[in-house]
Amino acid sequence: RTPHTLGADRLAAAVAAWSGWGGARPVVALDAGTAITLDVVVPAADEPTGAAYLGGAIAPGPDLLRRALARDTGQL
């Protein structure tokens, strides 16, 4: 309902996931780059597109995660 608050890359990934694999089941779009993003789209008969974006999450990418663990944890 608020695509202007979602980055274009995440919106494109969610649309692509739904277009390729959505329909009767929910889909999760996963993008692993500098950051890891997860976005969930579910079937919704009351929406014009037949789908609803539920939301998502952003997590550190592999490089940032590795550096943070090496720097901020003991004996890893």
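**A guided tour from R10 to the nonpolar core**

R10 is buried, since its relative accessible area is 13%, below the 20% limit for that class. The model on display is a predicted one, and this residue is the starting point of the tour.

**First stop: R10 and its surroundings**

Select R10 and display the helix around it: R10 lies in α1, which covers residues 8–21. Next, add D39 to the selection. The side chains of R10 and D39 are joined by a polar contact of 2.6 Å. To see what else surrounds R10, extend the selection beyond its neighbours within four places in sequence; the residues in contact with R10 are then T37, L38, D39, Y53, G56, A57 and I58. D39 therefore appears in two roles, as a contact of R10 and as its partner in the polar contact, where the cut-off is 3.5 Å.

**Second stop: the salt bridges of helix α2**

Proceed to helix α2, residues 62–72. How many salt bridges does a search of the whole structure find? The search finds four, and three of the pairs are visited here, namely D63 with R66, D63 with R67, and D72 with R71.

Select D63, which is partly exposed because its relative accessibility is 39%. Add R66: the closest N and O atoms of the salt bridge between D63 and R66 are 2.4 Å apart. These two residues are three apart in helix α2, so about one helical turn separates them.

Keep D63 selected and add R67. Here the salt bridge has its closest N and O atoms 3.2 Å apart. D63 and R67 are four residues apart in helix α2, so they too are separated by about one helical turn. R67 is partly exposed, with a relative accessible area of 44%. Shown together, D63, R66 and R67 form a linked network of salt bridges.

Now select R71 and D72, whose side chains meet in a salt bridge of 2.9 Å from N to O. R71 is exposed, because its relative accessible area is 64%, over the 50% limit for that class.

**Last stop: the nonpolar core**

Finally, select A14, A17, W18, V27, A29, V41 and A51, the seven residues of the largest nonpolar core. Helix α1 and strand β1 (27–32) each supply at least two residues of this core. Which element gives the largest share of this core? The largest share, three residues, comes from α1.

To finish, centre the view on A17. Apart from neighbours within four places in sequence, A17 is in contact with G22, V27 and A29.

How values were computed
Residues numbered from 1 in each chain as written. Predicted model: local features only at pLDDT ≥ 70, side-chain atom pairs only at ≥ 80, totals over all residues. Heavy atoms only, no water. Buried < 20%, exposed > 50% of the residue type's maximum accessible area, 1.4 Å probe, protein only. Polar contact = N/O pair within 3.5 Å; in protein donor to acceptor, adjacent residues only side chain to side chain. Contact = heavy atoms within 4.5 Å. Core = buried A, V, L, I, M, F, W, Y, C linked by side-chain atoms within 4.5 Å.
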